[in-house]
Amino acid sequence: MSSFTRRAGCAVLCVLSCVAALRAVPASLHESYSGQAAYNYTAQVAGFGERFPGSPGYLKTQELIKQVLKKNGAVIEGDDFTAKTPKGELAVHNIIGKFNVTPDPKQPIVILAGHYDTLFQPGFIGANDGASSTAILLAFADALAQHKTKMQIWLVWTDLEEGINGFEGDDGLVGSRHLAKKLQAAGLVPRIKGFFLLDMIGDKDLSVAREKGSTRALQAIIAQAATQLGYSQYFFQYTTGIIDDHQSFLDVGVPSVDVVDAEFGRMGQGFDGMGEFHHANTDTMDKVSKQSLEIVGKTILLTVELMDK
Ligand SMILES: [Zn+2]
């Protein structure tokens with residue numbers, strides 16, 4: 001090989017490594033996110049089987065969350081307590097992963113949350129209701145490690161969202177209620193610019209509700225992000241009221257929004273109010289799509305970017 005070809009070879013190598021370096025650092029937070037990664041995590045979590053508190057699948061999910069947070073350099077915190085429930089005393093574990101924490105005591109905070117528990121129902125694996133929300137946050141952790149924000153971003157996996165006998169009184173929303181009150185007591189409410197709850201967002205036939213009780217200003221930013229990405233047809237085409245973890249944060253004065261697809265399968269007479277697959281053992285991976293996870297994930301992360309300016 002002559003010295004000329006060696007130099008040429010070296011130049012080619014440099015170009016290739018520069019292209020690789022460019023690819024390794026996406027231009028923005030939402031571009032760092034992968035719907036495919038979220039889908040893979042959904043399959044992994046659903047594969048753990050039933051995930052109600054104390055079950056083997058529940059413990060495997062906790063391990064996976066902590067492992068992904070650790071890999072991505074998050075500050076990991078737990079919110080652990082015992083709750084009195086219709087099933088007696090239950091140990092409850094919310095998991096929090098914090099990104100971009102600075103020493104500034106006034107640094108704004110945005111929370112992206114979803115529940116990781118499933119219904120206490122034999123044979124229920126909740127691919128959409130439980131696994132998709134757990135998984136999208138895991139894929140957010142991967143994205144947040146690649147792209148920094150000025151605001152502090154918390155990923156919160158809530159526990160015992162599902163009611164045991166329904167959502168009467170204190171049944172259901174147990175983890176989120178405890179965490180919201182704890183943050184209120186710590187004086188953090190004024191710093192939290194938004195609580196975004198993701199629930200049942202893996203539905204193949206995606207249509208995110210305009211949830212009635214949610215903060216309109218946050219829905220407006222989500223709509224702006226969706227329009228910018230060409231996804232507006234998937235958001236806010238119908239209005240409904242949903243009892244979900246966002247209520248716990250609304251109750252303590254945090255602007256909060258439920259990003260929820262409230263029509264899962266066929267609707268109407270003879271079906272559950274949230275669709276035929278809601279809280280049914282037919283909530284399985286064949287009802288979930290990579291594309292839906294891509295649409296919701298990119299839209300929510302662009303929403304965060306719009307708030308970060
Ligand atoms: Zn549910």
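**Starting point: strand S4**

Select strand S4 and display its side chains: Gln-152, Trp-154, Val-156 and Thr-158 point one way, Ile-153, Leu-155 and Trp-157 point the other way, and all of them are buried. The pattern reflects a general rule, for in a regular strand the side chains alternate between the two faces of the sheet. S4 is mostly covered, with 7 of its 7 residues buried. Please bear in mind throughout the tour that the model is predicted.

**The neighbours of S4**

Which strands pair with S4? Select S2 and S4 together: these strands pair in the antiparallel sense over 5 bridges. Within this pairing, Ile-96 stands opposite Val-156, and Gly-97 of the pairing has Leu-155 in S4 as its bridge partner. Next, select S3 with S4; these two run parallel and are joined by 7 bridges. Here Ile-109 stands opposite Gln-152 of S4.

**The hairpin of S1 and S2**

Now move to strand S1, residues 75-85, and strand S2, residues 88-99, which pair in the antiparallel sense over 11 bridges. S1 and S2 form a hairpin, with 2 residues between them. To find one opposed pair, select Thr-82 and Ala-91; the latter lies in S2 and stands opposite the former.

**The whole sheet**

Select S1, S2, S4, S3, S5 and S8. In what order do the strands of the sheet stand? The order is S1-S2-S4-S3-S5-S8, and these 6 strands form an open sheet with mixed pairing. S1 and strand S8 (256-260) stand at the edges; each has a single partner strand, so one side of each is left without a neighbour in the sheet. The twist averages 20° from one strand to the next.

**A helix across the sheet**

Keep the sheet in view and add helix H5, residues 127-146. H5 lies across S2, S3 (109-115), S4 and S5 (192-199). With respect to S3, helix H5 runs at about 145°.

**Two helices that cross**

Select helix H7, residues 216-229, and helix H9, residues 290-307. Their axes come within 8 Å and cross at roughly 115°. The crossing of H7 and H9 is right-handed. On the H7 side, the residues that take part are Ile-221, Ile-222, Gln-224, Ala-225, Ala-226, Gln-228 and Leu-229. They meet Lys-298, Thr-299, Leu-302, Thr-303, Leu-306 and Met-307 of H9. Sorted by class, this contact of H7 with H9 has 8 nonpolar, 4 polar and 1 charged residues.

**A closer view of Lys-298**

Remain in helix H9, where Lys-298 lies. Is Lys-298 buried or exposed? Lys-298 is buried, because 24 other C-beta atoms lie within 10 Å, and 20 or more are required for a residue to be called buried. Select also His-30, Tyr-33 and Leu-229: with neighbours within four places in sequence left aside, Lys-298 is in contact with these residues. Glu-31 is also worth selecting, since its C-alpha atom and that of Lys-298 are separated by 7.2 Å, although the two residues are 267 residues apart along the chain.

**Two residues with positive phi**

Most residues other than glycine have a negative phi. Two residues can be selected here as exceptions.

- Leu-173 is not a glycine, yet has a positive phi of about 60°. Leu-173 is found in the loop between S4 and helix H6 (174-185). With 23 other C-beta atoms within 10 Å, Leu-173 is buried.
- His-279, likewise not a glycine, has a positive phi of about 55°. The place of His-279 is in the loop between S8 and H9. His-279 is partly exposed, with 18 other C-beta atoms within 10 Å.

**The protein as a whole**

Finally, zoom out and display the complete chain. There are 9 helices and 8 strands in the protein. The radius of gyration is 20 Å, close to the 19 Å that the globule rule gives for 309 residues, so the protein is as compact as a globular protein of that length. Along the principal axes, the C-alpha atoms fill a box of roughly 80 × 45 × 40 Å. Colour the residues by burial: buried residues make up 46% of the 309 residues. Among contacts between residues at least 6 apart in sequence, 78% join residues at least 24 apart.

Methods:
Residues are numbered from 1 along each chain as its sequence is written. This is a predicted model: local features need pLDDT of at least 70, side-chain atom pairs count only at pLDDT 80 or more; totals for chains, interfaces and linings use all residues. Axes are lines fitted to C-alpha atoms, for helices over the stretch in contact, and angles run from 0 to 180 degrees between N-to-C directions. Helices (H or I, at least four residues) and strands (E, at least two) are DSSP runs, numbered from the N terminus. A crossing is left-handed if the near helix is turned anticlockwise from the far one by less than a right angle, and right-handed if clockwise. Two residues are in contact if their C-beta atoms, placed from the backbone, lie within 7 Å. Ala, Val, Leu, Ile, Met, Phe, Trp, Tyr, Cys and Pro count as nonpolar, Asp, Glu, Lys and Arg as charged, and the others, Gly among them, as polar. Two strands pair if DSSP finds at least two bridges between them. A residue is buried if 20 or more other C-beta atoms lie within 10 Å of its own, exposed if 12 or fewer, and partly exposed in between; C-beta atoms are placed from the backbone. The radius of gyration is taken over C-alpha atoms; the globule rule is 2.2 Å times the number of residues to the power 0.38.
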